[in-house]
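Me: I'm new to this one and would like a close look at a single part of it. Could you pick up at the core and walk me through what packs there?

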Amino acid sequence: MRIFVARLAGTPVFDPAGDQIGRARDVVVAMRPNDAPRVHGLVVEVQPRRRVFLPITRVRSIEADAVIFTGTINLRRFEKHSTESLAIGELLDLSVDLAGEKVTVLDLAMEQSRTGEWLITKVAVLRGAAGRGLRRRRGETLVVGWSDVTGFGVAQADQGAAGLLAAFEETRPADLANALRHLPDKRRAEIASALEDERLADVLEELPERDQIGILSRLDAERAADVLAAMDPDDAADLLQDLPAAEAEALLARMEPREAAPVRRLLTYAENTAGGMMTSTPIVLPPHATIAEALAELRRQDITPAVAAQVYVARPPSETPTGKFLGVAHFQRLLREPPSSLVGGAIDSSIDPIRPHLSLPGVTSYLATYNLVAAPVVDELGRLVGAVTVDDVLDHLLPPDWRERDEREPNGDGLPGTTGGPAREVGGGG
C-alpha cells in the first residue's frame, strides 16, 4: 500500500479502543546516503496542542480518514533527532534534480517493504515553474522513484512553501500556527512569505508573542503593515504593544488611516482592562434594521462564534465609536422573532454595558454573573466603543506562555492508550 505523506496531515489518530487521541501532523524519516529514507513514525498532536511521537511499528492501519495504532503512545514532547527529518515540514518544496533538471518536491510516498519496514519509495515532483501561492503552480506533475532524484541533502536558500501549505490548506489557523512553531526559523520565514495577508494574520493571532515578533520582523515594513491591517484590531494592538515604541509607530504610519485608527484607540487603554481586551469591530446595527438583516450578519464566515452571539444596536454611525448605544439583541432572541421584525424590538433591556476602564476581574465577574459570552463596552458619552468576548478574557486569564504548554512534561493525567514513559529511542522502526 502506497501512502502519500502530505495527505496524512490532520488525519485523526485512534487508539485500539477506537477513541481518538489526536491528529497526525507529520512523518518522521531518517535520511540514508545510499538507500531510501526509513520511516520512524508519526508526529501526533494531542490536547492540549502537545506533539508526541508514534512509532511506525505501532501503527496497525492507515486509511484515508483514520490512523489506528496498537499498544501505547508516549506522552513526552516530541523532539527530532539530528539524523531525522520531517517529511512535510522540511522536505516538501525542496528543489531537487531529476535527470539533470530542477524539479520541486510536491509530496512523498511511503510503502511497507517485505521485511516490514516503512520506506519513502516515491517522490511526487513538479516539473516547470512554481508560483509562491497555492493556486499559481504551473507545470507537469510526475511521480518518480526515490532513486531517480538527487539533492535532498543540499542546503537551499529559498525552499518555497506551496507543498506544505497545500497539506495544511483545510486546517484551522491555530493548527498551522502550531506547525510553524516547530519549524526552523528559515522554514518559518519561507512559509510566512508565501501565505496571503489574511491567512498570515489569522495564524499570527494564534502564535506566542515572541514568535509573532520573529515572523513580523522578517517581513518588509510594507508587508508587515498590511498583515497588521488584516488582523483583528485588538490582536494587532496587543502585538504592537510588545514592539519598541518607535517601531510600532512606524508600522502604524504605514497603515491606511482608516485601518490604523481603531488600533490607535485600543492602544490608549491599559492592557488588563475592558478597553485593552475588547474588539472594536463587533456587529453593530441601527434599530430600524430587520431581524433578517441581523441574521445575515451573524452568518458571515469571518465572524467568530463569540462575536456572533449577539448584535449591538446603536444610532448611526455603525462603526465604533458609534452613535448612542441602545442595547444588545441576543442570537437566540433573533431566531424567535419574525424575519421582518425590527432589531430595535428585540433588545435585551436587562443587560447594562461596561466601561472601558473596568479591570479584568470585573469583566470576568460580569460575564460569569450574567452567563454571557460577550459584553458591550460603552464610553462616558454613551457610545459603543467595542465588545469584550469570552475568548478575549481567557487570553488574559491564562498564563502568558499558555500557547507553549505542549513543551511542558505531561502532568500524569494521561489519555487512553498513552503513557508518560521514558524518552523514545531510535533504531529500526523508531
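Reply: Sure, let's start with methionine 110. Keep in mind that this is a predicted model. Setting aside its neighbours within four places in sequence, methionine 110 is in contact with residues from several stretches of the chain: Met1, Arg2, Ile3, Val5 and Leu8, then Val27, Val39 and Ile62, and finally Trp118, Leu119 and Ile120. That fits its place in the largest nonpolar core, a set of 109 residues where Leu108, Met110 and Phe152 have the most contacts. Strand E12 gives the most to this core, with five residues. In general, nonpolar side chains in soluble globular proteins tend to be buried together.

Strand E12 covers residues 118-127, and leucine 126 is part of it. Leucine 126 counts as buried because its relative accessibility is 4%, and the cut-off for buried is under 20%. In sequence, glutamate 140 is 14 residues away from leucine 126, yet their C-alpha atoms are 5.7 Å apart in space.

Now for another region. Helix H14 runs over residues 360-369, and its buried residues are Leu360, Val363, Tyr366 and Leu367. Seen down the axis of H14, these buried residues fall within an arc of 125°, so they line one face of the helix. An α-helix has 3.6 residues a turn, so residues three or four places apart point the same way. On the other side of H14, you'll find Pro361, Ala368 and Thr369 exposed. The cover over the buried residues of H14 includes helix H11, strands E18 and E19, and helix H15. After H14 comes asparagine 371, which has a positive phi, near 55°.

Technical notes
Residues numbered from 1 in each chain as written. Predicted model: local features only at pLDDT ≥ 70, side-chain atom pairs only at ≥ 80, totals over all residues. Heavy atoms only, no water. Helix = DSSP H or I, 4+ residues; strand = E, 2+ residues; numbered from the N terminus. Buried < 20%, exposed > 50% of the residue type's maximum accessible area, 1.4 Å probe, protein only. Core = buried A, V, L, I, M, F, W, Y, C linked by side-chain atoms within 4.5 Å. Contact = heavy atoms within 4.5 Å. Arc of directions from axis to C-beta.
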